Every structure is written in structure tokens, then in C-alpha cells.
Amino acid sequence: MTLYERMCRCLHDHYPQGPIYIAFSGGLDSTVLLVLAARLAAEQDRKLCALHVHHGLQAAADAWPAHCLRLAGSLGVPCRILPVKVATGARISTEAAARDARYAALAAELPAGAALLTGHHLDDQVETLLLALKRGAGIAGLAAMPECRALGQGIQLRPLLAHSRNELEAFAAEQTLNWVEDPSNADNRFDRNFLRNEIVPRLLKQWPAFSRTASRSAALCAEQLELSQALAEEDMSVLQNTAKGLSIAGLETFSTARRNNVLRYWLSEQGMLLSRSQLAVAWQELALAREDADPVLNIGEKTLRRYQGYLYVPALEHEPMAVPVLQPEQWQDLGVGRLCLSWGRELVAVRADIAPEKLHIAFGVTGLRACPAGRSGSRPLKKLWQEYGIPPWQRPRVPLLMHEDKLVAALGVFICDDYLARPDESGWQIQYQR
């Protein structure tokens, strides 16, 4: 299959219509990609735009935006230049920081549902796999780069992933294309350059088919990753409670491999990525800690905690905002969510005789008692938090709808029986969105 046929197949499978965006560095890979995409866009009458990210990390790069504008213009393709600021420092990987800044800029330019095409090829795939091996990665890392993945509001496609750099060079020579060469590609202090310049050529000399067999291994790992994620989702549907906590008792019934699989997946969904040793520590010192203990595991800005037999990763949220006066029929920001009181009878509602101007929102009020609707007798709010399984760190963030000094409702948890409108009555409907 030719480069162009492969691109057409990729677009047909993942993105059959809509505007196309190209990550255009001006190098060989993205130049070939842009030429192929320009042909496809013309044949299919699709909009095409090139995006050049200017990192500003080296003097040679200052001439690249002009080159990209000229080349894109010669193909009739609009090109936008995206300057970015890359974080630098003694303990910062310039390579990783530049990649993060680049993708952030590209994702920001991508409209909802659109596709960004990047020029990653077979050799890049092999380097990614070897870097994952160097890190001791699991199947998520060994799956290397997928042909299609989510990016910002759209997707990223890698239509050249099955073709080697040699194939791209042959196409460029045939089309007499010109491209820029990044001087930093010769610097073997960067891991990827070291592999590209020193290691992969030796592997290919000894085993000419190495790139394709390594890519096949990555594809097999991607299949196993898909299966492990499907199993994790199935397990989570059984283990997870409504507050997104994960049952420790349920996890204890699993084999170590299955338990670690669902734990990794659940933690990644909460924004926590743990190494194998960190995962072992989390299980032994947090999940299996004494019942009366309150253990905490901090990983970066995130924390892993335990409460009433469940593991939790508290969300990083805005500060709660008390509201001294509620305005009916309009949404009001509470910091942790938003609230609207509206007149009607379809939703859970506060009695009609309660004047809305006497209602307000407070947080962390102590000494309150309440009788939730459907229950008998009032209880201290502290006891109710325990009965409803609200972890201690979440309680100060639950909005309390107050009528003067009385509790009307803990938003998202319960409404007090004394204030609940009866089924045949209208009242002030509570609409709360976290």
C-alpha cells in the first residue's frame, strides 16, 4: 500500500469528513504528510490547514516559520504559526517540556470533532517502544503510539505509522521536496536521538525486519491493553460506589494481577499514575491499614485516601463560595458547583411557603441536626454524613441550603423532611450541578 493509499484508508476509517489540520514542523515527515494531505483535500473537497509550532529554543528555528509559510502557500494551504513558551530548568526535561507545550498549542487550535494529522512513522514507533522498555513500562507503554487517539476536542491521527523513514525519503526525493533539518537531532544527549542515531541502525543492520516485528509487538500489546481496560471497566461497575470510591473488600477477592489492573485503571481515571512499587505501597499501607487509621498517600498534587472500606481520590476543586441571598430562577455559582431555585413541581422541591429570600448557602456549619425525607427522627449532621458515606474531606464542601439557621437540604445528598413539598404541591425546585 502506498503512502497516499494508507493516508486515505486512515482518514476513511477514523475521520471520513470534516476539516483536516496538519502538525507541520517543516521537517521531512510533516512535509511528506502535508503534500499527501493537500492532494487528499483537493480530491475530497475538504478544508486543510497547517499548524506550525515555534518553540523558540534554538536560533536555527527562527527561520522555520517563514519556510513553512512558503511551502504551505505553494500548495495552496493556509498555515498558522503558533509561538509557545517552553519551561526550562536544571530538573526539567526540555524534550518532554517542548512536547507538552507543542501538543497543548495544537489541541487549543483544534475545533470540536476535528482531526490533527501528525507525521509519526514506523521508526518513531520503534523508538517509542524502546523508550518504554527503558522505563520498565507495562502494556500501556509497550503499546507505543496508536494510529488514532483523542486530542483536545478532536482526535489525532498518525496515517504514516506503518511506513519507514526510508520510504518517506524516497517519496520526498521523487517529488523533489525541500525540508528543514533540526540541528538538535544530532544531539545524542536526548534519549530519542541516541536511539535513532546509535541503536536502531545497529539493530536494523543485524535484523533488517526489526522495525516491523517490533511494531507488531506494540500492536499486540495494544490489543491486550484494550482487553485489560474492558475488564477493568467491568470490575469497576461492581466495585465502585456512587461517590467513585473503590471497594477494598471487593478488591481482596481478586487475584493480584486483576486487582492491580482495576486499581491502575481506576487511579488513572482519577488522574493518578502510580508505579508498580507505589501501587504495592498503596495496597499494603493504605488499603490494608488498621480500621481506625486515616492513611493518606500523596502523589504529586493528588492524594489517595480510605474511608469506610473504600478508596478515594479527592478531586482538586475550587474553593466553596457561600451565598448569603439566593436569587430565584437564575443559576448561582457555589464554587463547588452551581444552584438554581425555580418554581414548579417536577423536581425535588422546597415547600411553597418558604420565602426564597430567607434561604442561603453555607458550608461547614457545625452542630446541625436533620431528618432526611423518608426517615424518622432527627440526627446530628455528623452522624448523617457517616450514614450517607460522605468522607470527612468532602463534608466541608457539601453546600448546605439553610432557612435562617435551620438546615433545608445538603445539596446532592438529601432534603429535610420538614421542608419537602408534598407530591401534589408546587414548590421551589432544587437544581444542583456539581
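Which helix holds Gln125? In this predicted model, Gln125 is found in helix 5, which covers residues 122–135. Gln125 counts as buried because its relative accessibility is 5% and the cut-off for buried is under 20%. Setting aside neighbours within four places in sequence, Gln125 is in contact with Ala143, Ala144 and Met145, with Leu161, and with Ser215 and Ala218.

Helix 5 also packs against another helix. Two packed helices are described by the angle between their axes and the distance between the axes. For helix 5 and helix 8 (residues 191–206), the axes come within 10 Å and cross at roughly 105°. Helix 5 is therefore roughly perpendicular to helix 8. On the helix 5 side, the contact is made by Asp124, Val126, Glu127, Thr128, Leu130, Leu131 and Lys134. Helix 8 contributes Asp191, Arg192, Leu195, Arg196, Val200 and Leu203.

The loop between helix 7 (165–174) and helix 8 contains Thr176. Thr176 is not a glycine, yet its phi is positive, at about 50°. Is Thr176 buried or exposed? Thr176 has a relative accessible area of 64% and is exposed, because the cut-off for exposed is over 50%. A positive phi also occurs at Glu329, again not a glycine, with a value of about 65°. Glu329 sits in the loop between strand 10 (310–312) and strand 11.

The nonpolar cores come next. The largest one has 54 residues, and those with the most contacts inside it are Ile22, Val32, Leu48 and Leu117. Helix 2, spanning residues 28–44, gives the most to this core, namely 10 residues. A second core, separate from this one, has 35 residues, among them Val323, Ala362, Ala370 and Tyr419. What does Ile22 touch, leaving aside its neighbours within four places in sequence? Ile22 is in contact with Leu33, Leu34 and Ala37, with Leu48, Cys49, Ala50 and Leu51, and with Leu116 and Leu117.

Cysteines raise a separate matter. How many disulfides does the structure hold? The number of disulfides is 0. For Cys68, the closest cysteine sulfur is in Cys79, at 5.6 Å from its own sulfur, and this is too far for a bond because a disulfide needs the two sulfur atoms within 2.5 Å. Cys68 is buried, with a relative accessible area of 0%. For Cys221, the closest cysteine sulfur belongs to Cys148 and lies 19 Å away, so it is too far for a bond as well. Cys221 is also buried, with a relative accessible area of 17%.

Two open sheets can be followed strand by strand. One of them has 4 strands in the order 11-12-20-13, with antiparallel pairing. Its edge strands are strand 11 (332–333) and strand 13 (349–351), each of which pairs on one side only. Inside that order, strand 12 (residues 338–344) and strand 20 (residues 427–433) pair in the antiparallel sense over 7 bridges. One such bridge links Arg338 to its partner in strand 20, Gln433.

The other open sheet has 4 strands in the order 14-17-18-19, and its pairing is antiparallel. Strand 14 (359–362) and strand 19 (414–415) each have a single partner strand, so one side of each is left without a neighbour in the sheet. Strand 18 (residues 406–410) runs antiparallel to strand 19 and is joined to it by 2 bridges. In strand 19, Phe414 is the bridge partner of Ala410.

Val398 lies in the loop between helix 13 (381–387) and strand 17 (400–403). Val398 is buried, with a relative accessible area of 9%. Its C-alpha atom is separated by 6.6 Å from that of Leu411, a residue 13 residues apart from Val398 along the chain. Which residues are in contact with Val398, leaving aside its neighbours within four places in sequence? They are Ala362, Phe363, Trp385, Ile390, Ala410, Leu411 and Val413. Among these contacts, Ala362 is included in the second core, and Ala410 is the bridge partner of Phe414.

Definitions and conventions:
Residues are numbered from 1 along each chain as its sequence is written. This is a predicted model: local features need pLDDT of at least 70, side-chain atom pairs count only at pLDDT 80 or more; totals for chains, interfaces and linings use all residues. Side-chain values use heavy atoms; hydrogens and water are left out. Buried means under 20% relative accessible area, exposed over 50%, partly exposed in between (1.4 Å probe, protein chains only). A nonpolar core is a set of buried Ala, Val, Leu, Ile, Met, Phe, Trp, Tyr and Cys residues joined through side-chain atoms within 4.5 Å. Contact means heavy atoms within 4.5 Å. Two strands pair if DSSP finds at least two bridges between them. Axes are lines fitted to C-alpha atoms, for helices over the stretch in contact, and angles run from 0 to 180 degrees between N-to-C directions. Angles under 35 degrees count as roughly parallel, over 145 as roughly antiparallel, 65 to 115 as roughly perpendicular and the rest as oblique.
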